[in-house]
Amino acid sequence: MTAEPGLQFQEHQPSDPTSLVIRRRIRPGQEAAYEALLTEANALLAGIPGHRGTGVIRPAPGEHEYTLVARFDSLTSAAAWELSPERAAWLARVTPLVDEQLSFEKQPGLDFWFTPPAAPSLRQPPRWKMALLTLAALYPVSLGTGWLFGTALAPWLGHWPTPLHVLPQMVVVVLSMTYLVMPAVTRWAAGWLRGK
């Protein structure tokens with residue numbers, strides 16, 4: 001198996017929230033050793049400034065593919081983990097347990113506002129809390145962009161066909177939610193999201 005590839009960080013801004021998604025196929029019989037190293041990885045990641053949570057998607061019975069998701073508040077924080085000597089030492093211990101590295105991705109965006117549902121190592125917030133928090137964040141953003149594009153910019157955009165009129169508004173909503181609002185809101189509400 002080759003060493004885990006490095007990320008190409010030039011594609012995004014250093015302040016972009018980022019999730020690292022690593023899929024590995026573990027050698028049969030090495031699952032317990034890998035689980036122990038995952039516990040160590042969680043402890044190491046918890047010490048990285050800007051780390052926002054870790055999830056592990058475990059294999060179905062009879063399969064050996066694990067997915068590790070590590071969320072960071074910025075690309076800079078993700079790079080600090082990727083380039084850290086602690087991670088390099090951890091990877092050296094993981095390598096003998098891995099049958100195949102399936103993928104290593106950097107994922108900015110909406111998919112990782114919350115921990116993935118199948119991540120048992122970090123309990124996902126209840127769906128009603130995620131829905132309520134998303135609604136609470138999305139409502140003022142939608143009102144603001146609705147006013148901006150429906151009133152303030154109406155003299156310039158009002159004559160556009162509806163699909164073209166709505167598109168710039170949706171771009172502003174999605175970018176605002178992904179890069180500004182949801183990272184801030186999920187940090188602010190982290191205790192409530194984790195509570196019962």
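The questions and answers below go through the fold, cores, salt bridges and annotated spans of a predicted model.

In this predicted model, local features need pLDDT of at least 70, side-chain atom pairs count only at pLDDT 80 or more, and totals for chains, interfaces and linings use all residues. Residues are numbered from 1 along each chain as its sequence is written, and side-chain values use heavy atoms, with hydrogens and water left out.

Colleague: In what order do the elements of the chain run from the N terminus on?
Modeller: Helices (H or I, at least four residues) and strands (E, at least two) are DSSP runs, numbered from the N terminus. The chain has seven helices and four strands. Their order is β-α-β-β-α-α-β-α-α-α-α.

Colleague: What percentage of the residues of the chain count as buried?
Modeller: Buried means under 20% relative accessible area, exposed over 50%, and partly exposed in between, with a 1.4 Å probe and protein chains only. The chain has 196 residues. The buried part is 40%.

Colleague: Which element supplies the largest share of the largest nonpolar core?
Modeller: A nonpolar core is a set of buried Ala, Val, Leu, Ile, Met, Phe, Trp, Tyr and Cys residues joined through side-chain atoms within 4.5 Å. The largest one has 22 residues. At least two residues of this core come from each of β1 (18-26), α1 (31-46), β3 (65-72), α2 (75-82), α3 and β4 (98-107). The largest share, five residues, comes from α1.

Colleague: Which residues does Y34 touch, not counting those up to four places away in sequence?
Modeller: Y34 and F72 have the most contacts inside the largest core. Contact means heavy atoms within 4.5 Å. By that test, Y34 touches R24, I26, Y66, V94 and L97.

Colleague: Which residues of α3 are buried, and which are exposed on the other side?
Modeller: Helix α3 covers residues 85-94, and R87, W90, L91 and V94 are buried there. They sit on the same side of α3 because they cover an arc of only 100 degrees around the axis, taken from the directions from the helix axis to the C-beta atoms. Exposed on the other side are P85 and A92.

Colleague: How many residues apart in sequence are the parts that R27 and D99 tie together?
Modeller: A salt bridge is a side-chain nitrogen of Lys or Arg within 4 Å of a carboxyl oxygen of Asp or Glu. The whole structure holds five. R27 and D99 form one, at 4.0 Å from N to O. R27 lies in the loop between β1 and α1 and D99 in strand β4, so the parts tied together are 72 residues apart.

Colleague: Which residue forms a salt bridge with R58?
Modeller: R58 is partly exposed at 30% relative accessibility. R58 lies in the loop between β2 (51-57) and β3, and its partner is in helix α1, so the pair ties together parts 23 residues apart in sequence. The closest N and O atoms are 2.8 Å apart, and the partner is E35.

Colleague: How far apart are the end C-alpha atoms of residues 170-190?
Modeller: An unreviewed UniProt entry places the feature "transmembrane region" at residues 130-150 and 170-190; such annotations may be inferred rather than shown by experiment. Over residues 130-150 the chain is 100% helix and 0% strand, with end C-alpha atoms 29 Å apart. Residues 170-190 are 95% helix and 0% strand, and their end C-alpha atoms lie apart by 27 Å.
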